2 protein chains.
Amino acid sequence: MTQNNWSVPETEVLQRVHERLEGDGADVLATIVDVEGNAYRRPGAKMLLDEAGEGVGAITAGCLEDDLLAAAESVREHGRPELITYDLMDDEDDVWGLGVGCNGIIDVLLEPLTETYRPAVEAFADGRDVAVLTALEDSEGALERGDRAYYHPTETQLTTPDGEPAPAWPNELADPAGDLAERGRADTLEIDGRGRQLEVFIDGLAAPTELVIFGSGHDVGPVTELAAKNDFRVTVVGFRGSVDLETRFPDADETLTTSPAAVSDDLALDERSYTVVMTHNFIDDRLTVEQLLDSSVPYIGLMGPHDRFEKMLAEFDDEGRTFDEEALSSLYTPIGLDLGGGSPYQIAHSIVAEILAVANDRTPRHLKTREGHIHDRVTVESPSK
Amino acid sequence: MTQNNWSVPETEVLQRVHERLEGDGADVLATIVDVEGNAYRRPGAKMLLDEAGEGVGAITAGCLEDDLLAAAESVREHGRPELITYDLMDDEDDVWGLGVGCNGIIDVLLEPLTETYRPAVEAFADGRDVAVLTALEDSEGALERGDRAYYHPTETQLTTPDGEPAPAWPNELADPAGDLAERGRADTLEIDGRGRQLEVFIDGLAAPTELVIFGSGHDVGPVTELAAKNDFRVTVVGFRGSVDLETRFPDADETLTTSPAAVSDDLALDERSYTVVMTHNFIDDRLTVEQLLDSSVPYIGLMGPHDRFEKMLAEFDDEGRTFDEEALSSLYTPIGLDLGGGSPYQIAHSIVAEILAVANDRTPRHLKTREGHIHDRVTVESPSK
C-alpha cells in the first residue's frame, strides 16, 4: 500500500468509497466498530480494500493491515460481512503486545461494499449529517449482520437504504443516532427489549466542518492546504476578483469572489462555520469582521497584531456599533497558537492547530499534562431495556 | 508566481539559491534586513527572483511582490544592490494601510545573486551554522553596500567569501554573529567606532533542527510530511529492514535501518536533536526510549497512552535503571498537543505543533492570551562604541 493512500484525509476516504460504488469493483469496507482500552484509531475509522490489495484509509498504524487484506479476500469470496476481533491486550510479550492498538481490543467489521452504503456517501457529498446503522447481532434473526438502516436529521424515523420505513429497526435508536450524527462519532449499542437482543453499530458521519478563509494573498495557500489535510471543507473568499482563486488555491473545496460588504449576503454562515480573516487590508478586514461578529460563527481568526484589532474596535465604537460578549469571545487575534514559528507554513500550522482545538473544544496544552483519556469517550445512553 | 513557489518551506528557499548559483541565471536575492513595528515576516526572510519574474520564497504575504519584481529588474540591469524601504505606517487609509506589513516599516535588500553567497548555502547544505554579514552603509567607504563576510563557528575571526581574513570588517561583530547564527535569527547592527559609522545586516542561518522519528508504520508518513513543511530536517529510523523507508517516506531527508539496541551507536544525537518514538512495539519503544533518556536530546515524544509509559518506567525500575529529572522532563507522552483530532493527519498535526512549541520554547496557548509581541524581539547587543 502506498503512503499516499494510507494517509489520505478522512474526507477523501468517503469520496473514494463514493467513486468505487460507481464502478464495478468488488471492494471490501473495513470499519472499526468497537474499541476497548487505548487504540490508535477510534470506532468509525474506515479502510477501503480493493481486489488488488490496495487500501485507502487507515484503521491502525499499519501492522494489522496485512491480516486485514487476507480477511478481506475471504469476505470478497464468501460475499458476507465478517466481524473480527483483534485482541492486543492478551499477550504482552507478543510483538504486537501493547503495540499496534497500544493496549486495546479492536472489533473490525469487514463487508462487501454494496449499494446499501450509497445514502451515506451521498449525504456526505451533499454536506448533510447522517448516521449509518449496521446490524451486528440480532437474537431474533430479523436482521442479519451487515443489514443497514439510516438516520437522517430531516426524517422522523429510521429508513432503509431505499428510503423506506425500516420496521425491523427499533425506532428508539433514532435518538442516539441523531446525537452521533451531529457529533461525527461512532459507537456500538446493545439493545435488550422484550427478549430481543440486538447489537448495532451506529456510525455518525457529520458533515465536514466548514472553514471560510477571507483573503487571496499567497499566505492563504498553506492554511488552505493544511486545513484540507485536517478534514475541513475549505472555502476561499477573495475580494475584487483580481486573482484566479481556483488556480492559486488548488486545495480549496470552493472559491468565491465577492465584495467585502456582501459577505453576510453571499455566504451561509452559521454556528458550524469557522472563519479566518487575512485580507491584509484593514478596511476589508473590518467590514468582514463586523459581519462575522453579527453572525453566529463560533470562531473568527483575525491575522495581525492585537493593537490592529483594538483600532478596529475603536472605529466600531465611534460608529456606535456594539457587539455582545459572546461574539467578541469568538474572535481570536493574533490568530493561532503560540508555537513560535515564523515561516508561512509555521504560521499556517499554528492557525490550523488553533482551529482544531476550538472545533474540538480543547484547551491547547501538552497532552502529557492532561488528565484522563486522550480521546473523548462516547457516552451515548443505550436506549430502553 | 505560482502558489507552490511562494509557500515552499524556508529550507527549500536556500536549496533553490544553491541550485541557481550553479546555473548562469541573473537572479536577484531579496532579503528583509530590518522591520519596525509588526510585519508578516521577520528580518532574514528571503525571496529569490529570476529573470522570468518568478519568485521563490516570501517576504510579505503577497502584496508587495509586484513592486519587488520591478525593483529586481532595476537591480539586474545596474548590477548593484539596492536597499528599499516600504513604509506601511504612513498612510493608514491607503489600501496597504495597516495592511501588508500589518503596521510596519520594512527594509528590503535586493542584490544580484553572486558567488559571494556560496559559503552560506554550502554551510546550510552541510548542516553547519553560519552567519552572513552584509554591509549596508560604511561612512569610511572601506566597504560597499552588498560587500560580504562570514562568521563560521569553527573560525576565530570573520572571513571573506573566499575564506581569507577580512580586515575591513571589525572583528567585534563576531560575537553577535555567533549568537545569531546559533539561534537562526537576523538583525541589522550599527557600529560607531573611532568616527566610522558602519551598518551591517547579520543573517544567522542555523542548521535546520533535526527531527529523528523511530518507526516505519504508515502513521510516520504524515508526521514526516508536516515536519518537513515546518523546516525540520527529518530522519526516519526503521528497525529490521522489512520496509523500504525511502519509498514509503518520500519527505524524509534521510532514512536509516538499524536495530533497536544500536540506536545510540548509529545516530549522533545531541541537544539539538528532537525525537519521536512511534514503533508501536513496546519492546522496541522501550529500548529506544532508554537510550534517548541517556542522551542529551531535548525532546522525546512517545506515542501511546500514559500508562504504557508507566509500565515502561516500572520495568526500568525493576532493572535498576534510573534517569534524572531533566531527562524525564524531556519525555512527552502521550505525544502531541491536545487538539482533539483523531485522524492520521490530525494526530500528526498535534505532534508537529508540540515539537514547534518545545523547539521555540513556547507555552502552547492561544496567541490572543499571550502578553507582548508575537515574534521574539532579537536583542543582540550592538558592539563597542
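Across the interface of chain A and chain B, 4 salt bridges turn up. One of them joins the side chains of K229(B) and E225(A), with N and O 2.9 Å apart. Keep in mind as you look around that this is a predicted model. The notes below start where the two chains meet, then turn to chain A itself and to some salt bridges within the chains.

**Where the chains meet**

- The contact draws on 79 residues from chain A and 79 residues from chain B.
- About 7,000 Å² is buried between chain A and chain B, and carbon and sulfur atoms give 58% of that area.
- On the chain A side, the residues that lose the most area to chain B are H218(A), D338(A) and K368(A), which together account for 11% of what that side buries.
- Besides the salt bridges, you can look for polar contacts: 25 residue pairs are counted between chain A and chain B.
- Several elements of chain A each supply at least two residues to the side that touches chain B, among them α1 (3-6), α6 (220-229), α9 (282-293) and α10 (306-318).
- Strand β15 (331-332) and helix α12 (344-359) of chain A belong to that group as well.
- The largest share of the chain A side comes from α12(A), with 11 residues.
- Sorted by class, the side of chain A that touches chain B holds 35 nonpolar, 25 polar and 19 charged residues.

**How the two copies are related**

- A turn of 180 degrees, with a shift of 0.0 Å along the axis, lays chain A on chain B with an RMSD of 0.0 Å.
- That is the relation of a two-fold axis.
- The copies meet through the same surface, because 100% of the interface residues of chain A are also interface residues in chain B.

**Inside chain A**

- Chain A contains 12 helices and 15 strands.
- Of the 385 residues in chain A, 58% are buried.
- Taking contacts in chain A between residues at least 6 apart in sequence, 61% join residues at least 24 apart.

**Salt bridges to look up**

- Over all chains, the structure holds 42 salt bridges.
- E22(A) pairs with R118(A), and their closest N and O atoms are 2.8 Å apart.
- This pair links distant parts of the chain, since E22(A) sits in helix α2 (residues 10-22) of chain A and R118(A) in helix α4 (residues 118-126) of chain A, 96 residues apart.
- The two partners differ in setting: E22(A) is exposed, with a relative accessible area of 53%, whereas R118(A) counts as buried at 18%.
- E22(A) and R118(A) also belong to a network of salt bridges that includes E115(A) and E122(A).
- R321(A) forms a salt bridge with D294(A), where the closest N and O atoms are 2.4 Å apart.
- Here too distant parts of the chain are linked: R321(A) lies in the loop between α10 and α11 (325-329) of chain A, and D294(A) in the loop between α9 and β14 (299-302) of chain A, 27 residues apart.
- R321(A) is partly exposed, with a relative accessible area of 24%.
- In chain B, the side chains of E315(B) and K311(B) meet in a salt bridge at 3.2 Å, N to O.
- Both E315(B) and K311(B) lie in helix α10 (residues 306-318) of chain B, 4 residues apart, which is about one turn of the helix.
- E315(B) is buried, with a relative accessible area of 18%, while K311(B) is partly exposed at 24%.

How values were computed:
Residues numbered from 1 in each chain as written. Chains lettered and ligands numbered in written order. Predicted model: local features only at pLDDT ≥ 70, side-chain atom pairs only at ≥ 80, totals over all residues. Heavy atoms only, no water. Contact = heavy atoms within 4.5 Å. Buried area = accessible area lost by both parts, 1.4 Å probe. Polar contact = N/O pair within 3.5 Å; in protein donor to acceptor, adjacent residues only side chain to side chain. Nonpolar A, V, L, I, M, F, W, Y, C, P; charged D, E, K, R; others polar. Least-squares fit on C-alpha atoms with pLDDT ≥ 70 in both. Buried < 20%, exposed > 50% of the residue type's maximum accessible area, 1.4 Å probe, protein only.
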